[in-house]
Amino acid sequence: MKSLPLFSKILFPDQYGCVFCNRELKTPNPHGTCGSCMVKLPFIQNPCLGCGKEMIGEGRFCIRCKENRKSFDTAYACFTYLGDCKKIVHRFKYGNKRYLAKYLSVFMVDRYMATPQNAEVITWVSMHPSKLKKRGYDQAELLAKETALRLGLPCEKLVECVKLHKNFAQLGADERREEARSAFTCISQVKGKRILVIDDVLTTGSTMDALAHVLKKAGAKEVVGLTLCSTPINSKEDFKPLLPEENV
C-alpha cells in the first residue's frame, strides 16, 4: 500500500493518522485509533462507584469518596490519566488540536452506554472568560457537543464560571470546596432535570462537585459527571497545586 502524500496528512490529520501515535490508519474507525494503541490504553476496569476512578483492590468506594460526600450523584471516566492518555489530553487542551474532540468523544459515548444514565441534557465545566479568550476554545465544550451529538441529547451551557480560582495549594479541603463552588453560577432553568456534566480530566473532584452543587441548588434532580480521564487514586495529581493554565 502506497503512503499517502505528506500534504494530505498535514491537511487532514484526523482522516489518516492514529490520534495517539500518528501511524497511518489502514482502516479508519470512529475512535481514530490504531489497534496497537487501543490495546495499550489505560481503560478503567474497576471504577469507584462515587468518583469513577480506578479502584486499587476490593471495595465499592475509594477512601476519598467514603470520607467526602460529593454533590454529584456519581461520575465516570474512560481512562486513567497516564501515559498516552495524558499526552493526548495535553495536545488537545494546549496544542489547538480541536479535531481530536470528535474522536475522544466516541470513547466517552462508549463509557456512557456501558452504564447508561437517564440524562436529559448535557453541559460542560465552563472556563472563565479570560482563560477562554487566551486559549481560544473550551476543550470541555468541544467534548460535550460531540458527545451530545452522538447521544442525540441537547447540549446547553447551564453554568458560567464567574471567578478565577485562588491557589488551591494554600487551602484546606473545606476551603478548597467552598472556593470552587463560589466560582460558578447557574444561568439556566434546570429544575427537575437530569444533567450529564462533561469535562476532560477529573482530579480531586472539587470542580465537578462545585458544578453539581450549583445545579442541585438551582433544582436539578440528578447530576452525573463524565470525563475522558481521571487521575489515579492517591496519586500526586490529587494533591499537587494546579499549574496556572490548568485552573479552570
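**Helix α8 and the salt bridges of the chain**

Asp-138 caps the N-terminal end of helix α8, with a side-chain oxygen 3.0 Å from the backbone nitrogen of Ala-140. The model described here is predicted. Helix α8 covers residues 139-151, which makes 13 residues. From its first C-alpha to its last, α8 reaches 18 Å, close to the 18 Å expected at 1.5 Å a residue. After α8 comes Gly-152, whose phi is positive, near 70°.

Which residues of α8 are buried? They are Gln-139, Ala-140, Leu-143, Ala-144, Thr-147, Ala-148 and Leu-151. Seen down the axis of α8, these buried residues fall within an arc of 160°, so they line one face of the helix. The buried residues of α8 pack against helix α5, helix α6 (101-114), strand β2 (121-124), helix α7 (129-135) and strand β5. Ala-140 thus appears twice in this account: its backbone nitrogen takes part in the cap by Asp-138, and Ala-140 is among the buried residues of α8.

Two of the elements that α8 packs against, α5 and β5, are also linked by a salt bridge. Lys-93 pairs with Asp-200, the closest N and O atoms being 3.2 Å apart. Lys-93 lies in helix α5 (residues 83-94) and Asp-200 in strand β5 (residues 194-202), so the pair links distant parts of the chain, 107 residues apart. Are these two residues buried or exposed? Lys-93 has 13% relative accessibility and therefore counts as buried. Asp-200, at 3% relative accessibility, counts as buried too. 

Strand β5 takes part in another salt bridge, through Arg-194. The side chains of Glu-222 and Arg-194 meet at 3.5 Å, N to O. This pair links distant parts of the chain, with Glu-222 in strand β6 (residues 222-230) and Arg-194 in β5, 28 residues apart. Glu-222 counts as buried because its relative accessibility is 17%, under the 20% cut-off. Arg-194 is partly exposed, with a relative accessible area of 23%.

A further salt bridge joins two helices. The side chains of Arg-181 and Asp-209 meet at 3.2 Å, N to O. Arg-181 is in helix α9 (residues 173-181) and Asp-209 in helix α10 (residues 206-217), 28 residues apart, and the pair links distant parts of the chain. Both Arg-181 and Asp-209 are buried.

Side chains of opposite charge can pair when their charged atoms come close. With a side-chain nitrogen of Lys or Arg required within 4 Å of a carboxyl oxygen of Asp or Glu, the count comes to seven salt bridges.

Terms used
Residues numbered from 1 in each chain as written. Predicted model: local features only at pLDDT ≥ 70, side-chain atom pairs only at ≥ 80, totals over all residues. Heavy atoms only, no water. Helix = DSSP H or I, 4+ residues; strand = E, 2+ residues; numbered from the N terminus. Buried < 20%, exposed > 50% of the residue type's maximum accessible area, 1.4 Å probe, protein only. Expected span 1.5 Å × (residues − 1). Arc of directions from axis to C-beta. Contact = heavy atoms within 4.5 Å. Polar contact = N/O pair within 3.5 Å; in protein donor to acceptor, adjacent residues only side chain to side chain.
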